Amino acid sequence: MEFISQELQAYTERFTSPEPDLLTALNQETWSKVPLPRMLSGHLQGRILALFSKMMRPMRILEIGTYTGYSAICLAEGLAPGGELVTIDINAGLQEMAIRYFAQAGLGERVRMLVGDARTLIPDLEGPFDLVFIDADKENYCNYLDLVLPKMRPGGIILADNVLWSGHVLDPQITDTETQGLRDFVQKVALNDALEQVLLPVRDGIMAVIKR
């Protein structure tokens, strides 16, 4: 998932604002107890999410893919007073851990976690959203884009994770549904005249998209 040397990775983290203590604890617990811990955003990506949010001061954030709650806590750092973050995950087994850390972060009243299929839950959510983070099943990224765009205000931003997929998107021999879903997503974004985007080669690739 990382495309630079460990030395350069350490250098970037050295000159990035430090990981808050609570997130360090969540990071460590995720790696020690939860399957597929590489799904966690981690220090560098977490600070990027927090920085985007702090620059925007969003009233409403939507996250598709909670996992253990690390990225939601980062995104919530920039919430405007009275703002809300809605986060969706299909895995009910991780809900207790995420909610526990939301409470420790003082976000119990500001983060609402929904468990279920985001494709069925998003249509019932009230918009508009200022900031959306997509980090769920890759084969449905295009579906998520179609669902969230009508619920976003002009100037709203979508951040989509894993769009480089460890470089698999470049290999024409790799045709699994996740890899192809990511290829289709970036192509769909690029062809939409209502959007402006940049693909950031950070960690496993983050596509930042603004709705005109």
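Strand β1 (residues 60-64) runs parallel to strand β4 and is joined to it by four bridges, where strands count as paired if DSSP finds at least two bridges between them, and where strands (E, at least two residues) and helices (H or I, at least four) are DSSP runs numbered from the N terminus. This is a predicted model, in which local features need pLDDT of at least 70 and side-chain atom pairs count only at pLDDT 80 or more, while totals for chains, interfaces and linings use all residues. Residues are numbered from 1 along each chain as its sequence is written, and side-chain values use heavy atoms, with hydrogens and water left out.

Within the pairing of β1 and β4, Ile 64 lies opposite Ile 134. On β4, Ile 134 also stands opposite Ala 160 of β5, and β4 pairs with β5 (residues 152-161) in the parallel sense over five bridges. From β4 the chain passes through helix α7 (residues 141-148) to β5 in a right-handed β-α-β crossover, that is, with the strands pointing away from the viewer, the path from the first strand over the helix to the second runs clockwise.

Because six of the six residues of β4 (residues 129-134) are buried, this strand is largely enclosed by the rest of the structure; buried means under 20% relative accessible area with a 1.4 Å probe, protein chains only.

The largest nonpolar core, a set of buried Ala, Val, Leu, Ile, Met, Phe, Trp, Tyr and Cys residues joined through side-chain atoms within 4.5 Å, has 35 residues, and those touching the most other members include Ile 73, Phe 102 and Leu 131. Among the elements giving two or more residues to this core are α2 (21-33), β4 and β5. A second, separate core of 30 residues includes Ala 136 and Ala 160.

Methods:
Buried means under 20% relative accessible area, exposed over 50%, partly exposed in between (1.4 Å probe, protein chains only).
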